[in-house]
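Visitor: I've got a fold to look through and would like some company. Could you take me around and show your reasoning as we go?

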Amino acid sequence: MKYPKEVVLKNCTEVTIRPLEIKDEQALREFYSQASEEDRWFMRFDVMDPAVIRGWVEGKDGVFSIIAECGGHITAHARLHTHTFGCYQHQGRLRIIVLPEFRQKRLGSWMLLDLIHLAMDKGLRDLRADFVVGIEDAAIEAACKLDFFKKAVLEDFIIDPQGQLHDLLIMTKHLH
């Protein structure tokens with residue numbers, strides 16, 4: 001993978017995709033502060049905790065991150081979580097967060113493709129992505145287009161900020 005990578009989105013906006021670096025810590029904090037409280041609610045990590053962001057920019061715990069930038073600001077963050085020991089070492093988990101004004105423009109798909117290639121370069125066998133049904137439907141559709149398949153649905157497993165229950169869709173992709 002050659003970085004930085006310039007891509008043109010569906011609406012002709014140009015963005016740069018590149019690996020997250022230590023110097024990006026403050027910009028990544030600003031990115032997550034722009035995300036809605038509801039978007040942050042559905043994340044596995046407290047992105048408002050400086051230690052979480054610091055761990056990601058330092059690449060700790062088998063996390064590799066890429067970001068998309070436009071106009072000097074981070075517009076999306078994608079992570080590949082890996083394990084170096086045990087029964088999960090052949091698998092990676094993906095998470096991609098895109099600011100609302102950059103959604104539905106294929107930015108997430110570009111970043112997903114890069115993470116798939118990275119996982120293949122790392123010798124992983126499988127990728128997993130979890131989605132909240134009814135909240136992340138566009139992301140589910142994008143994953144399907146890149147050969148992710150439904151592995152399981154955990155019904156009424158996720159609670160939104162208003163206390164409503166949602167299904168959790170677990171999707172996987174086998175890498176060749």
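Guide: Let's settle a term before anything else: buried means under 20% relative accessible area, exposed means over 50%, and partly exposed is what lies in between. Bear in mind, too, that this is a predicted model.

Visitor: Using those classes, how does Arg-128 count at 26% relative accessibility?
Guide: The cut-off for buried is under 20%, and exposed needs over 50%. At 26% relative accessibility, Arg-128 falls in between, so Arg-128 counts as partly exposed.

Visitor: And which residue forms a salt bridge with Arg-128?
Guide: The closest N and O atoms of the pair are 2.8 Å apart, and a salt bridge needs them within 4 Å. The partner counts as buried, at 11% relative accessibility. That partner is Asp-130.

Visitor: How many salt bridges does a search of the whole structure find?
Guide: Side chains of opposite charge can pair when their charged atoms come close. One of the pairs here is Arg-125 with Asp-126, at 2.8 Å from N to O; Arg-125 is partly exposed at 47%, whereas Asp-126 is buried at 13%. There is also a network of salt bridges that links Arg-18, Glu-21, Lys-23, Asp-24 and Glu-69. Over the whole structure, the search comes to 16.

Visitor: Glu-25 and Arg-29 are both in helix H1; about how many helical turns separate them?
Guide: An α-helix has 3.6 residues a turn, so residues three or four places apart point the same way. Glu-25 and Arg-29 sit 4 residues apart in H1, residues 25-34, and their side chains meet in a salt bridge of 2.7 Å, N to O. Glu-25 counts as buried at 17% relative accessibility, while Arg-29 is partly exposed at 25%. The separation is about one helical turn.

Visitor: On to the rings: what is the geometry of the pair Phe-31 and Tyr-32?
Guide: A search of the whole structure finds 3 aromatic pairs. In this one the ring centres are 4.8 Å apart and the planes are at 75°. Planes over 60 degrees apart get a particular label, and so this pair is edge-to-face.

Visitor: Which parts does the pair Phe-45 and Trp-56 tie together, and how many residues apart are they in sequence?
Guide: This aromatic pair is edge-to-face, with 5.7 Å centre to centre and 85° between the planes. Phe-45 lies in the loop between helix H2 (37-41) and helix H3 (50-57), and Trp-56 lies in helix H3, so the pair ties loop to helix across a sequence separation of 11 residues.

Visitor: Is Trp-56 buried or exposed?
Guide: Its ring partner Phe-45 is partly exposed, with a relative accessible area of 33%. Ring pairs link both of them with Phe-31 and Tyr-32 into a cluster, and Phe-31 and Tyr-32 are buried. Trp-56 has a relative accessible area of 6%, so Trp-56 is buried.

Visitor: How many disulfides does a search of the whole structure find?
Guide: A disulfide is a covalent bond between the sulfur atoms of two cysteines, and the cut-off is 2.5 Å. For Cys-12, the nearest cysteine sulfur is that of Cys-70, 12 Å away. Cys-12 is exposed at 62%, and Cys-87 is exposed too, at 58%. The number of disulfides found is 0.

Visitor: How far apart are the end C-alpha atoms of helix H4?
Guide: H4 has 15 residues, 107-121, and at 1.5 Å a residue it should span 21 Å. Its buried residues include Leu-107, Met-111, Leu-115 and Leu-118. The distance between the end C-alpha atoms agrees with the expected span: 21 Å.

Visitor: What about the backbone around H4: which residue has a positive phi although it is not a glycine?
Guide: Just after H4, Gly-123 takes a positive phi of about 80°. The residue you want is in the loop between strand E5 (91-98) and H4, and is exposed at 52%. With a positive phi of about 75°, that residue is Arg-106.

Visitor: Last stop: which residues does a cis peptide bond join?
Guide: The proline of the pair is in the segment before strand E1 (5-8). Omega is about -5° at the bond, which joins Tyr-3 and Pro-4.

Conventions: Residues are numbered from 1 along each chain as its sequence is written. This is a predicted model: local features need pLDDT of at least 70, side-chain atom pairs count only at pLDDT 80 or more; totals for chains, interfaces and linings use all residues. Side-chain values use heavy atoms; hydrogens and water are left out. Helices (H or I, at least four residues) and strands (E, at least two) are DSSP runs, numbered from the N terminus. The expected span of a helix is 1.5 Å times one less than its number of residues. Buried means under 20% relative accessible area, exposed over 50%, partly exposed in between (1.4 Å probe, protein chains only). Rings of Phe, Tyr and Trp (its six-membered ring) pair if their centres lie within 6.5 Å; planes under 30 degrees apart count as stacked, over 60 as edge-to-face and the rest as tilted.
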